[in-house]
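Reader: I would like to go through the contacts in this model one at a time. Please show me how to read each of them.

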2 protein chains.
Amino acid sequence: MRATVMYGAGDVRVENVPDPVLQNPTDAIVRVVRSCICGSDLWPYGSMPTGGQGRRMGHEFLGVVEELGADVSGFKAGDLVVAPFVWADNTCDFCRQGLQTSCRHGGQWGLHGVDGGQGEAVRVPQAQGTLVKLPVAEDSALLPSLLTLSDVFCTGHHAAVTAGVNPRTTVTVVGDGAVGLCAVLAAKRLGAERIILMGRHKDRTDLGREFGATDVVAERGEEGIERVRELTGGDGTHTVLECVGTQQAIDMSIGIVRDGGAIGRVGAAQYTQVPMGFDTVMRNITMTGGVAPARAYIEELLPDVLDSLIEPGRVFDRTVGLDEVPDGYRAMADRQALKVLIRP
Amino acid sequence: MRATVMYGAGDVRVENVPDPVLQNPTDAIVRVVRSCICGSDLWPYGSMPTGGQGRRMGHEFLGVVEELGADVSGFKAGDLVVAPFVWADNTCDFCRQGLQTSCRHGGQWGLHGVDGGQGEAVRVPQAQGTLVKLPVAEDSALLPSLLTLSDVFCTGHHAAVTAGVNPRTTVTVVGDGAVGLCAVLAAKRLGAERIILMGRHKDRTDLGREFGATDVVAERGEEGIERVRELTGGDGTHTVLECVGTQQAIDMSIGIVRDGGAIGRVGAAQYTQVPMGFDTVMRNITMTGGVAPARAYIEELLPDVLDSLIEPGRVFDRTVGLDEVPDGYRAMADRQALKVLIRP
């Protein structure tokens, strides 16, 4: 089959790789119907050293079940399914508490002989725990939004849930990438009435306004902090959803959050230190969030997508075929595309 | 009257200062019956530059109301009252959400013309919001435990509450000082069954065991992390209550907490950076806690003290008169005393 392999910064190729086959009775083979490129794929795309073996890419996909291992029940060939961006057995103690990203028998796509999502098919380990059946046809217009349950919308939702967004909390979303926009949508869905979106790309912040942002702040750093404080009577917001992952973004989040408030961070941290010294102790600031256990949220969010109450799939502004995936990476890296959908 | 003034590292004096008088209609004058020395007083005692004006000390006290401003209701002269370690109006939006430490009209003892607690009397600003009446006599044997509601027990409780301690969570308490021991007691009170206390002073950890610690770990740093992990099947504990405030303590807390877990930090942070990079994002670690809004907890905790269900006052292992306060500081700094009670 054809699949995406990254060999170094800026070097993404679509190549022939072995067709996936069942290796364990807990596996399934899924033919990929939709996949996409993640903002987090851009970190290695910008910095991966060359010379290595190549890395299979993609951790967001939905597709059709083709084969099932003997231990997988509840699915049949032909089912349309979505996979969360970390596979998991969904039965261990971590999974039962809703932290499938720390599953005792789980792992990441594209590593250790597991396929990535940016290809024609995937061997899905722990298929029964990992996959969630989608009650729509393969040609449903809902596929883009359903695909966001794999990662990007659940990630925005995780930021909002962990930070404690509710109808009584004001919210700042740091970052107008696809995760940031999904965080706006998630905060709106959880009842927030005041949502400040920090971003400087008008086409993106415009979508953010449609998703529920009430204010847009283009400034960054100290100016950004000052602007959000101005908008909130000097206090900052009860919650901050940090959707970037840079040092500047996390520093700014601490400057923006209200005393007693929480930062739900879901950006893939490029920083190693967080300036949470004496001042943040005196202000009772909470830093929470992390990699989103999407699997924990899919069943809860699915009905709203099926009923078109939310349309997170609007973050996709370009669609490519599998052979055009390298163009898709370039477009996202150059900020010509917000998020690229792949139709293999 | 006599009161404690600090002039520099190691230089604490008990001096004559002006008697407190009502300055605002929201003030009260309280004659101090019991006060104490806080672990946080040891930070300036170890490092305060000399040459300045002197700083009035003490932020924990209980006493008898002597005078009330015209706007203070609900109290009368002769009432025994306890004061939380930050004064507050208890009516602003921060106070109503239980964050009296960020009160819009509150402040700290010993600053800006407000008396400290280590003296004969105190002018209490925002007295109606700040003070809580104690239904016991001035000679009650419960006074030491009641005094801990001013700060140290509420601080341990805050660490436990913010970290989410409950009967299903395992707990590590970092530090065997008075706050750490109170955190053990608070975690036990909240139903925790497994409480690992990290400390190396046997007399203190022995009291910790009486308060509810099930395990004691004397090791620190990487060895300490390894030991706690060994005790928990490699996982660490769901919650960590950080009761020290040093870089080592916060680093260790991150190493000890279980994936998806929370660190409730109440140590006065001597560090400026917290190593919460990519690894802690992948592990979904939450950093929470902060300076304890004792006022929010006093009513809730008071009945358990009055019924002697808990005896946090056991952290006091030395009692001094006002003139011996400098000896009390020395004893605590030299670790000859755990926590020093003052009878002015």
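Author: One point before the contacts: this is a predicted model. Take the contact between the chains to begin with, where 36 residues come from chain A and 36 residues from chain B.

Reader: How much area do chain A and chain B bury between them, and how much of it is on carbon and sulfur atoms?

Author: Read the total together with the kind of atom that supplies it. Chain A and chain B bury about 3,000 Å² between them, and 46% of that area is on carbon and sulfur atoms. On the side of chain A, the residues that lose the most area to chain B are A:Arg265, A:Val281 and A:Asn284, which together make up 18% of what that side buries.

Reader: How many salt bridges are there between chain A and chain B?

Author: A salt bridge here needs a side-chain nitrogen of Lys or Arg within 4 Å of a carboxyl oxygen of Asp or Glu. Four are counted between chain A and chain B. One of these pairs joins A:Arg258 to B:Asp93, with the closest N and O atoms 3.0 Å apart. Polar contacts are a separate count: 22 residue pairs across the interface of chain A and chain B, both residues at pLDDT 80 or more.

Reader: Which helices and strands of chain A each supply at least two residues of the side that touches chain B?

Author: Two helices and two strands do so: helix H2 (93-96), strand E15 (257-265), helix H10 (278-282) and strand E16 (286-289) of chain A. Sorted by class, the side of chain A that touches chain B has 14 nonpolar, 16 polar and six charged residues.

Reader: What turn and shift lay chain A on chain B?

Author: The two numbers to look for are the angle and the shift along the axis. A turn of 180° with a shift of 0.0 Å along the axis lays chain A on chain B, with an RMSD of 0.0 Å. That is the relation of a two-fold axis. As for the surfaces, 100% of the interface residues of chain A are also interface residues in chain B, so the copies meet through the same surface.

Reader: Now within one chain. Where do the domains of chain A begin and end?

Author: A domain may be built from separate segments of a chain, as the bounds will show. In the domain assignment, domain 1 of chain A covers 2-151 + 293-343 and domain 2 covers 155-289. Their C-alpha centres lie 27 Å apart. In the contact between them, 17 residues of domain 1 of chain A meet 20 residues of domain 2 of chain A.

Reader: What do domain 1 and domain 2 of chain A bury between them?

Author: The area is about 1,700 Å², with 62% of it on carbon and sulfur atoms. A:Trp43, A:Arg314 and A:Leu338 supply 34% of the area that domain 1 of chain A buries against domain 2, more than any other three residues.

Reader: How many salt bridges cross the interface of domain 1 and domain 2 of chain A?

Author: The rule finds two salt bridges there. A separate count gives five residue pairs in polar contact between these domains, both residues at pLDDT 80 or more. Helix H11 (residues 294-306) of chain A gives four residues, the largest share of the side of domain 1 that touches domain 2. That side divides into ten nonpolar, no polar and seven charged residues.

Reader: Where does A:Arg335 lie?

Author: A:Arg335 is in the loop between helix H12 (325-333) and strand E18 (340-343) of chain A. A:Arg335 has a positive phi of about 60° although it is not a glycine.

Key:
Residues are numbered from 1 along each chain as its sequence is written. Chains are lettered from A and ligands numbered from 1 in the order in which they are written. This is a predicted model: local features need pLDDT of at least 70, side-chain atom pairs count only at pLDDT 80 or more; totals for chains, interfaces and linings use all residues. Side-chain values use heavy atoms; hydrogens and water are left out. Domain bounds come from an automatic or database domain assignment. Contact means heavy atoms within 4.5 Å. Buried area is the accessible area (1.4 Å probe) that two parts lose on being put together, summed over both. A polar contact is a pair of N or O atoms within 3.5 Å; within protein, one must be able to donate a hydrogen and the other to accept it, and residues adjacent in sequence count only if both atoms are side-chain atoms. Ala, Val, Leu, Ile, Met, Phe, Trp, Tyr, Cys and Pro count as nonpolar, Asp, Glu, Lys and Arg as charged, and the others, Gly among them, as polar. Copies are superposed by least squares on the C-alpha atoms of residues with pLDDT of at least 70 in both.
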